[in-house]
Amino acid sequence: MTNSETKATLSFSDGSPALEMPIYKGSIGPDVIDIRKLYGSTGMFTYDPGFMSTAACNSSITYIDGDKGELLYRGYPIEQLAVNGGDFLETCYLLLNGELPNADQKKEFVATVTNHTMVHEQMQFFFRGFRRDAHPMSVLVGTVGALASFYHDSLDINDPHHREVSAIRLIAKMPTLVAMAYKYSIGQPFVYPRNDLSYSANFMHMMFSTPCEPYKTNEVLVRALDRILILHADHEQNASTSTVRLAGSSGANPFACIAAGIACLWGPAHGGANEAALSMLEEIGSVDNIPEFIAQVKDKNSGVKLMGFGHRVYKNYDPRAKLMRETCYEVLQELGLQDDPLFKLAMALEKIALEDEYFVSRKLYPNVDFYSGIVQRALGIPTALFTGIFALARTVGWIAQWKEMISDPEQKIGRPRQLFVGSPKRDVPAIDKR
Ligand code: CMC
């Protein structure tokens, strides 16, 4: 970041002295006003619930222009990465290292990740402690956090090699854990990873093969899963990534931090939206019920939202949604599901919402989750696992952001302040006086 020649001046109507603050420029995107001296100089905090106007860090990983509908990983447009940028592990390498790998680097990276796909045999006992109907996100919060107790050899966050090893372990083991969560829920035996398969093909193998029959991966479906992973790999300082950074700012180990990120992602306003979007479609049930549903969405007292629509940053369109929509068509065609009633319902709902004044005036467009649920369902992934797939994809983004934070000399423990509106100091009355 560079200093701008322009400075910001904060003045007060009560005649208190004005405060001049530096402005910094990034490589692209909005400039920031450095308010770090504000409290020391004025005794005041800024007030910004939801971080609508706050940059909490500087980062060189992912850039989003919400008005243009642009998403760049390390400068590369998501459209190019998804279409001709190679597979998900190339995107992982890019996010972690800043550059796309050459052929040798890719070979070495794939071999390293592949080497770490198995989890400690003891991990299966963690799974057995859960009810079979436990939500996979609760299983993942627990088991990913538990990884820290198996890898004491890589927990020194001040050692760059330890950070690297933890990053690789997390990326490599997430598919294994997500597939184990699924297998446990349906009462099938856990399937060990197969290191001769690609990252996404191996995940499908661990999900869908059984000891009774060989499982043949379908290239179109593997590519679709790979695209889901690429599109969800990072999204700058969203709620779960900020959670990972905040947890990590105290020096917590990376497994604990990623478990915190998974907990945040679970919420329906964030990663839980793909599951919520599909449940919503199932609840609407048929095209005839759409007008009644839309009326409920518009009624502020109903608390009903059109899940899979709207985004805090994208106010034009979500570029991931466009790519996911394409994949959706490809997968349904491959599986002969073009006439799938849920898909038809989704398309009808999308059309009506895109033409409706309520959604148009609020710039509410379908987001990636509107389509990713339909694709995942077609791949055979159960609804409850959708957010787990999102967590699997986002692990690389979380860990890349965590690594960036740890090596940032400006990093401090995150400690927001507050505007206190409770009772001023008072004395505790005796119980008979209350
Ligand atoms: N359905 C109906 N109305 C909506 C929706 C929606 N999905 N989203 C926003 N609005 C309305 C909202 O009620 C408000 O109306 P008004 O101005 O009349 O009060 C207006 O649009 C602005 O909304 P907001 O709540 O200020 O927007 P936000 O930036 O705080 O919220 C959001 C963004 C994603 C939380 C929200 O759009 C939402 O809840 N969408 C549904 C959940 C969803 O699909 N989330 C996935 C996001 S993409 C995946 C990810 O990155 O995690």
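For a protein of 434 residues, a compact globule would be expected to have a radius of gyration near 22 Å, and the value of 24 Å computed for this protein agrees with that expectation. The model is a predicted one, and the description that follows concerns its overall dimensions, its ligand site and two loop residues with unusual backbone angles. Taken along the principal axes, the C-alpha atoms of the protein fill a box of roughly 80 × 65 × 60 Å. The secondary structure comprises 18 helices together with six strands.

Of the 434 residues, 47% count as buried, and the accessible surface of the protein comes to about 22,200 Å², with carbon and sulfur atoms contributing 53% of that area. The contacts within the chain were also considered by sequence separation: among those between residues at least 6 apart in sequence, 70% join residues that are at least 24 apart.

The ligand is surrounded by 22 residues, of which H270, K305, L306, G308 and R312 come nearest. By residue class, this shell divides into nine nonpolar, six polar and seven charged residues. Several side chains place polar atoms at short listed distances from the ligand. In the case of K300, an N or O atom of the side chain is 2.9 Å from an oxygen atom of the ligand, and for H311 a polar side-chain atom lies 3.5 Å from a ligand oxygen atom. The side chain of Y358, by contrast, is paired with a nitrogen atom of the ligand, which is 3.1 Å from an N or O atom of that side chain. When the ligand is taken alone it exposes 950 Å², and the protein buries 74% of this area.

Two residues other than glycine were found with positive phi values. Phi of F51 is near 50°, and this residue lies in the loop that runs between helix 1 (38-42) and strand 4 (62-65). With a relative accessible area of 54%, F51 is classed as exposed, because the cut-off for that class is an area over 50%. R74 likewise has a phi near 50°, again a positive value in a residue other than glycine. The position of R74 is in the loop between strand 5 (70-73) and strand 6 (76-77).

Definitions and conventions. Residues numbered from 1 in each chain as written. Heavy atoms only, no water. Near = heavy atom within 4 Å. Polar contact = N/O pair within 3.5 Å; in protein donor to acceptor, adjacent residues only side chain to side chain. Areas by Shrake-Rupley, 256 points an atom, 1.4 Å probe, with all protein chains shown as cover. Nonpolar A, V, L, I, M, F, W, Y, C, P; charged D, E, K, R; others polar. Helix = DSSP H or I, 4+ residues; strand = E, 2+ residues; numbered from the N terminus. Rg over C-alpha atoms; globule rule 2.2 N^0.38 Å. Buried < 20%, exposed > 50% of the residue type's maximum accessible area, 1.4 Å probe, protein only. Contact = heavy atoms within 4.5 Å.
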